[in-house]
Structure formats: structure tokens, C-alpha cells
Amino acid sequence: MRHLLSAFLLLLCLPSIQAQNEPWKGKFEPIDNMIAPPNTYRTASGAPGKDYWQQCANYHIKVLLNEKNNTISGEETITYFNNSPDDLSYLWLQLEQNVNKKGNEDFGTFNNNVKDSISARQMQFLTRAIDFPAGYSIKMVKDASGNNLKTMVNNTMMKVKLNTILKSGESTGFSIAWSYPITDRSMYLLSREGYEYFPEDGNTVYLIAHWFPRMAVYNDTEGWQNQQFQKLGEFALEFGDYHVEITVPDNHIVASTGTLQNSEEVLTKAQRSRLETARKTFDKPIMIITKEEAQANEKTKAIKQKTWKFNAMNVRDFAFASSRKFLWDAQAVKLPTNTVMGMSFYPKEGLPVWQEESTKAVTQALEVYSEATFDYPYPVAISVNTSNIGMEFPMISFNGGRPKNGKISDAAKQDMIGTIIHEVGHNWFPMIVSSDERKWMWMDEGLNTFLHQRTLAERYPDFNSTTPKSIVPFMNGDKNILRPIMTTSDSELLNQFGANFYMKPTVGLQMLRNSIIGKELFDEAFKEYANRWKYKHPNPSDLFRTLEDATATDLDWFYRGWFFTTDHVDMELSNVKWFKVFEENSNIEDKNKNKKVKIAATEKNDDEQANGFSNGPEVITMTNTPDTAYGEFLSRLDDKEVRKQLSGKNIYEVTIKNVGGLVMPVTIEWVFTDGTTETDRLPAEIWRTNEYEVKKTFIKAKEVSKVNLDPNFEFADTDVNNNSFPKVENQSEFDAFKNKKKGK
Ligand SMILES: [Zn+2]
């Protein structure tokens with residue numbers, strides 16, 4: 001004990017304990033009590049556990065699209081497999097179309113404020129001045145023997161009471177007949193689906209999504225996922241196989257999830273032969289339906305109907321688009337383990353940019369995402385043009401971006417291509433790595449936006465893409481309004497969710513990849529997460545744990561700050577002291593005498609801190625080590641050698657203050673008097689013992705003229721005006737602009 005005690009006392013004597021004026025907040029403490037504890041379903045490593053299970057639902061659906069009255073009606077048989085350890089007496093289904101029923105819409109999520117001046121369309125969104133019919137008519141629910149099943153509807157969810165208990169490990173089949181009016185997408189906010197009418201030629205593009213009653217998720221963390229659809233929080237869905245027969249006017253073209261089963265019944269010989277060519281064409285899209293053909297199609301009104309049959313295996317959803325206006329192009333995309341058909345469907349109003357860019361963007365996304373995670377497993381990846389928004393479904397996405405009179409601005413074109421990449425990218429998150437969107441919007445949007453931005457950076461280097469600097473205005477926002485990333489989807493504000501659920505997690509992952517973990521390790525861990533959870537339902541804790549498990553990096557401090565708080569990064573380079581060992585004093589022979597060595601420091605008093613290095617180094621002393629400092633050690637450090645090593649060198653003691661609150665690694669750029677630079681990187685752990693102020697000493701052969709923190713904007717530092725020493729009166733960009741205008 002004595003040895004330990006003296007060693008402890010010695011340690012106390014060595015480093016100076018830095019003053020801490022504010023309470024310790026435990027920023028490096030484990031987040032174990034903030035995330036779900038591990039169990040046999042979800043392991044502490046972040047992988048699915050040995051008892052992991054999930055439900056499965058297969059669908060046979062026959063659906064009729066009635067163009068005359070814009071309605072859709074269908075009949076479906078669901079086979080539901082109860083893989084849970086629990087016996088179930090009832091099932092919950094989702095009826096998302098009911099969100100558009102008057103009185104049901106958004107359950108008060110959207111603020112209803114009327115301004116002095118407001119457009120008629122906004123007023124329609126707020127008041128539904130022009131009413132429209134919406135929501136399901138459920139006509140029949142029967143079990144496999146044809147007996148009626150009792151149902152109860154609660155807004156967007158329907159409870160089906162089973163006639164016999166569905167035991168663990170068993171399956172049940174039941175049928176539902178239903179219909180609903182397809183809504184006009186221009187009539188309300190956040191219209192992910194519905195129809196768009198083109199007055200000029202009297203035709204319609206139908207985007208059909210969350211259109212059939214489907215199984216809610218039942219899992220080990222929630223039981224039944226019982227959060228109602230309120231529009232912002234999207235979907236939580238089970239995987240299964242789909243057999244869908246879609247009956248539409250006979251000159252409509254259907255773009256759909258899945259593989260077309262009856263092309264000889266619905267496509268012309270010419271279209272089939274062009275598709276065959278496209279299957280072997282890897283360098284450019286082949287037109288399956290040309291502009292001229294689509295225009296001819298627009299002019300003929302259908303009398304008969306056609307039924308398109310699609311199969312889709314192991315998908316969590318099914319969507320389609322239908323119109324006689326569609327042009328169609330396709331090309332093959334070769335991935336290491338799969339050859340995919342990238343395809344685009346668009347009305348002539350999308351020309352020429354859609355023909356030039358859409359399928360190309362699909363191809364870029366398929367290649368980059370596959371490389372970063374796992375090969376795209378499905379047979380097709382489709383981009384359908386819409387008037388606005390971008391919305392994703394398995395194998396198919398609806399993407400906004402349309403030229404005006406054939407012309408599109410650079411910014412709008414970048415937006416359009418970015419949207420296509422993003423929505424195709426959603427095939428990975430959440431269509432395959434199937435997180436609960438209704439609960440955690442950031443899990444799919446954040447991870448997807450991260451790879452979407454990486455695709456832009458790699459394949460469209462001239463485009464604007466998100467970097468840590470992009471999040472600074474958001475991080476600087478009013479803390480009374482900001483929410484942490486770990487906020488449930490529907491609790492976020494409409495004007496904040498883009499920054500908080502898309503951009504902030506993206507920047508977080510960029511910081512982990514580029515600055516904290518390193519590209520190679522991070523990329524492997526990200527791939528590990530994607531592969532562990534493909535076709536499964538991960539929770540945030542599974543992601544957090546996997547990234548640590550696969551990199552041997554403790555990231556709890558990062559998750560705690562970036563995901564669970566609204567703190568921001570603002571580091572201040574508050575002082576740099578300069579010492580120098582003078583040549584004439586570094587050569588002391590008699591080590592028994594307590595000779596003094598001249599050292600210099602710039603610091604005189606606090607007022608002069610900002611003067612920088614102009615005063616030169618100043619005198620302090622370095623003594624020979626007293627014998628008592630060695631305790632029981634018999635060997636001695638060579639004081640002379642220490643002096644020799646330091647002789648002529650510059651010693652800089654840097655003081656950094658954590659003003660913002662978020663702990664982050666520290667990057668220090670040294671600008672030497674000869675104009676050269678050098679960078680030192682300190683890990684975030686330097687803040688472990690003092691979360692507010694750290695001091696660190698460096699030895700440099702050259703003299704320093706300037707020191708900068710975070711010179712490459714890696715950490716979203718919200719105020720860069722306090723990042724340099726000597727302090728510079730940085731003009732803000734706005735001031736610089738103002739002064740330039742004034743001719744200064
Ligand atoms: Zn998205």
C-alpha cells in the first residue's frame with residue numbers, strides 16, 4: 001500500500017490540475033442507461049441475437065384503377081407468419097389512406113397559423129376549403145374458411161380479432177376487400193402519393209402507395225407498433241413476398257415494385273425487343289417508349305383494360321405508378337453479384353433533362369451504395385417523375401424535378417439528380433435495413449443522406465454537397481426550439497426535420513468517418529451494420545453498438561453529445577505561450593549544483609495575451625531535478641540530455657476552451673514564420689478530465705507565426721472567430737460583403 005500511496009502522491013505533484021469553474025457533466029460516461037439494454041434478441045455487440053425473430057407477411061393482391069372516378073379498389077389475401085414467441089389473439093393492420101379523411105388528418109401535428117398574407121394553396125392546406133373524399137371503405141374481412149372477422153378501426157389502424165388464437169410458430173390467412181378515392185396531390189401537404197392531372201392533354205399520372213391494408217410491425221421492442229400515421233413519421237413494415245395484379249386502362253404503362261410476369265400480354269413486340277436490348281446495354285439507357293409514342297398514347301382514350309402482373313420477393317412494401325403519358329428508358333447495371341435494370345418513367349413534361357439524367361443517376365446510386373454496404377439485391381430500380389417531392393418504395397421511387405419549357409436551372413437540376421440518388425438510396429435504408437421510420441426518422445434519412453452525399457461527392461464532384469460546415473447555422477439555432485436527433489419523428493417541426501434528421505446525422509457520420517474513426521475502419525463498420533441488419537429491424541442501439549464493436553472505438557461520448565443533446569461545437573484557442581531554451585544555457589556541466597536555465601515565455605499578463613508572438617520568448621527557469629523527485633528509483637534522468645534535446649527548440653503551450661459544450665477532437669494547424677504549415681490532431685478524450693479547458697504542450701523546431709483550430713472545418717465549429725492565435729478580427733462573410741459593397 002505504501003508504494004501505491006507514494007506513487008499516487010508523486011502523480012499528484014506532476015501534472016498541474018487545471019481549474020474547473022463549471023461542474024463535471026460526465027461527457028465520457030457510458031450511455032448504457034440511455035439505450036435499450038442488450039438481450040438474447042439484440043446482443044451487446046449490436047448484432048441480432050440468437051433468439052432474434054421477426055414476423056412475415058405475404059400478400060396476394062388484385063387491384064383495379066378506375067380512371068373515370070379516380071378510385072382504386074382491391075381484394076387481398078394476407079398470409080401472416082407468427083415467428084414471435086407469443087400467442088396472438090388479434091392483429092393490427094395499417095390503414096394509412098385514412099390520414100386523408102376529414103378530421104383524421106395529421107392529428108394536430110401541423111401548426112395552424114394564418115398570416116397577414118397567405119396563398120390560396122396554403123389556405124387550402126390549412127383549412128381544406130375545397131373538400132375531397134378520402135380514406136378506406138373496408139368491405140369485407142374474412143378468415144381462410146370464409147368466416148367474417150371482427151374489426152375495429154382507430155384512425156389509421158385496424159384491429160382484426162382472430163376467431164382462433166394464432167400460436168407462436170404458426171401462420172394464418174385472411175382476406176380483405178377495400179376501396180378508396182385517390183386524392184389529388186395538389187390539394188394537401190405532404191402528399192406522397194395520389195394523382196397529378198395534366199389539363200393540357202387531359203391525362204393523369206397516378207402514384208399509388210400505402211394503398212392496401214397491410215400488417216403493422218410486431219416485434220421484441222414494441223409489441224405492436226402502435227404509433228398512428230401522422231404523415232411526418234413514415235412507415236414500419238414487415239418483409240414478405242408479393243403477387244400483385246394491377247388492372248388499368250389498356251393504354252396505361254405501369255411502373256412497379258417487382259418483376260413483370262406477363263410482358264407478352266401488356267407490352268408490344270417492339271417494347272419487348274427494346275427491353276431485351278436494354279438488358280445487354282450497360283453504357284446508356286435505351287428508349288422503351290419514345291416521346292412520339294407517348295404523345296400518340298396521350299391522344300387515345302382507353303376503352304378496354306389490361307392486367308399487369310408483378311411478383312416481388314422479400315420486400316417490405318409495394319408501390320406502383322400508372323399513366324398513358326409515360327416515356328420509358330432502361331439500362332443494365334452490372335454489380336459484382338447482380339445485374340439490375342435501372343429504369344425511368346416520365347411524362348414528356350420531364351424532357352429533356354429526365355432522359356439525360358434520371359437513369360444515369362439511378363446507376364450512380366446503385367454502384368456507390370452497393371460498394372458501401374451490400375449489392376443491390378432486387379431485379380429493377382425505377383425512378384418515376386413527379387411534380388414535386390421525392391418518395392421511396394422498394395425498387396421504385398417518385399422523384400420531383402421538372403424543367404419549365406424544356407429548361408432547368410443548374411440548382412434545380414442538382415436538386416433533381418440529388419433527389420433521384422437519395423430515393424433510390426432508400427432501397428438500402430429503410431427498405432432493406434428496415435428501421436422503424438415512424439419512430440426514428442433519422443435512422444433511415446440520416447444514413448441514407450450520408451451515402452447520398454457520398455455519391456454526389458464521388459460521382460458529381462461539381463455539385464454542392466453537405467459537409468460539417470453545412471450544419472453550422474442549424475447548430476447555432478435557438479436551443480428552445482432545437483431537439484436532439486434522438487427525438488421521435490412526429491415530434492419534430494416541419495421546418496427543422498430536414499436539418500435535424502437528414503443533415504445532422506449525415507455530418508455526424510462524416511465526422512466519424514473522416515476525423516474520428518478513420519475511413520477504412522469506419523467503412524468496414526458501416527458495412528457490418530448494413531449486413532448484420534439487412535432484411536431485419538434494427539434499433540438505434542444496434543447501430544450505436546455495431547459502430548463501436550467493429551472499430552474498437554468508444555463512441556459513447558459522441559453519441560451522447562451529437563445524438564442526445566442539442567449542444568454545439570465552439571472551441572476557443574484562448575492562449576498560446578511560447579518558451580525557448582537558449583543555446584548558451586543548455587550546456588551546464590555541474591549537475592550537482594542547482595543551476596538555472598533561461599527559458600522564455602511570451603505571456604506577461606492576461607491583457608497582453610492577444611499580442612501574439614511579437615514580444616518574443618520570455619525568461620523563466622528550468623531547474624535540475626531534485627533527488628526527492630525520484631522516490632525509490634535508483635536510476636536518474638539525464639537532465640543535461642533533456643536540455644540538449646530542447647536546445648534551440650520552441651515550446652508552445654496551447655490553451656483551448658470548450659465554449660459550445662460539445663466535446664470533439666482538436667485539430668491544431670501551425671503556421672511557421674517561413675510560411676510552411678503542420679497539423680497536430682488530438683482525440684476528443686483530451687476533454688475527459690476537464691470538459692471546459694485543456695492545455696497541451698508541443699515542441700516545434702521552427703518558430704510559429706500563427707496557430708489555427710479546426711482549419712479544415714471538420715467539426716462544425718459554430719464560431720471560427722475565436723479559432724486563431726494571435727487573435728484576428730475576422731470579418732464575417734456578411735460584413736465582408738457589406739464592406740465590399742460600400743467600396744471598402
Ligand atoms: Zn429520404
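Here is a short conversation about how the terms used for this predicted model follow from its values.

Me: What should I know about the model before we start?
Reply: It is a predicted model, where local features need pLDDT of at least 70, side-chain atom pairs count only at pLDDT 80 or more, and totals for chains, interfaces and linings use all residues. Residues are numbered from 1 along each chain as its sequence is written, and side-chain values use heavy atoms, with hydrogens and water left out.

Me: How many helices and strands does the chain have, and what makes a stretch count as one?
Reply: The chain has 15 helices and 32 strands. Both are DSSP runs numbered from the N terminus: helices are H or I with at least four residues, and strands are E with at least two.

Me: Why is asparagine 575 called buried?
Reply: Buried means under 20% relative accessible area, exposed means over 50%, and partly exposed is in between (1.4 Å probe, protein chains only). Asparagine 575 has 7% relative accessibility, so it counts as buried. This residue lies in strand β24, residues 571-581. Its C-alpha atom is 8.1 Å from that of glutamate 653, although 78 residues separate the two along the chain. Across the 744 residues of the chain, 53% count as buried.

Me: And what makes histidine 60 partly exposed?
Reply: Its relative accessible area is 46%, so histidine 60 is partly exposed. You will find histidine 60 in strand β1, residues 56-66.

Me: Which residues does histidine 60 touch, and what counts as touching?
Reply: Contact means heavy atoms within 4.5 Å. Leaving out residues up to four places away in sequence, histidine 60 touches Glu75, Glu76, Thr77 and His243. The C-alpha atoms of histidine 60 and threonine 77 are 5.2 Å apart, with their positions 17 residues apart along the chain. For the chain, among contacts between residues at least 6 apart in sequence, 74% join residues at least 24 apart.

Me: How do you know whether asparagine 405 is buried or exposed?
Reply: Asparagine 405 has a relative accessible area of 81%, so it is exposed. The residue sits in the loop between β23 (396-399) and α7.

Me: What makes the phi of asparagine 405 worth pointing out?
Reply: Most residues other than glycine have a negative phi, and most peptide bonds are trans. Asparagine 405 is not a glycine, yet its phi is positive, about 50 degrees. Tyrosine 535 also has a positive phi, near 60 degrees, and is found in the loop between α11 (519-532) and α12.

Me: Which peptide bonds are cis?
Reply: One is the bond from leucine 351 to proline 352, with omega near 0 degrees. Another joins phenylalanine 429 and proline 430, where omega is about 15 degrees. Proline 352 is in the loop between β20 (338-346) and α6 (353-372), and proline 430 is in the loop between α7 (410-425) and α8 (441-459).

Me: Why is α10 called roughly antiparallel to α13?
Reply: The axes of α10 (residues 497-516) and α13 (residues 556-564) come within 11 Å and cross at roughly 155 degrees. That makes α10 roughly antiparallel to α13. Axes are lines fitted to C-alpha atoms, for helices over the stretch in contact, and angles run from 0 to 180 degrees between N-to-C directions. Angles under 35 degrees count as roughly parallel, over 145 as roughly antiparallel, 65 to 115 as roughly perpendicular, and the rest as oblique.

Me: What makes α8 and α12 oblique, then?
Reply: Their axes come within 10 Å and cross at roughly 45 degrees. The two helices are therefore oblique to each other.

Me: Which residues meet where α8 packs on α12, and how do they divide by class?
Reply: Trp442, Met443 and Leu447 in α8 meet Pro540, Leu543 and Phe544 in α12. They divide into six nonpolar, no polar and no charged. Here Ala, Val, Leu, Ile, Met, Phe, Trp, Tyr, Cys and Pro count as nonpolar, Asp, Glu, Lys and Arg as charged, and the others, Gly among them, as polar.
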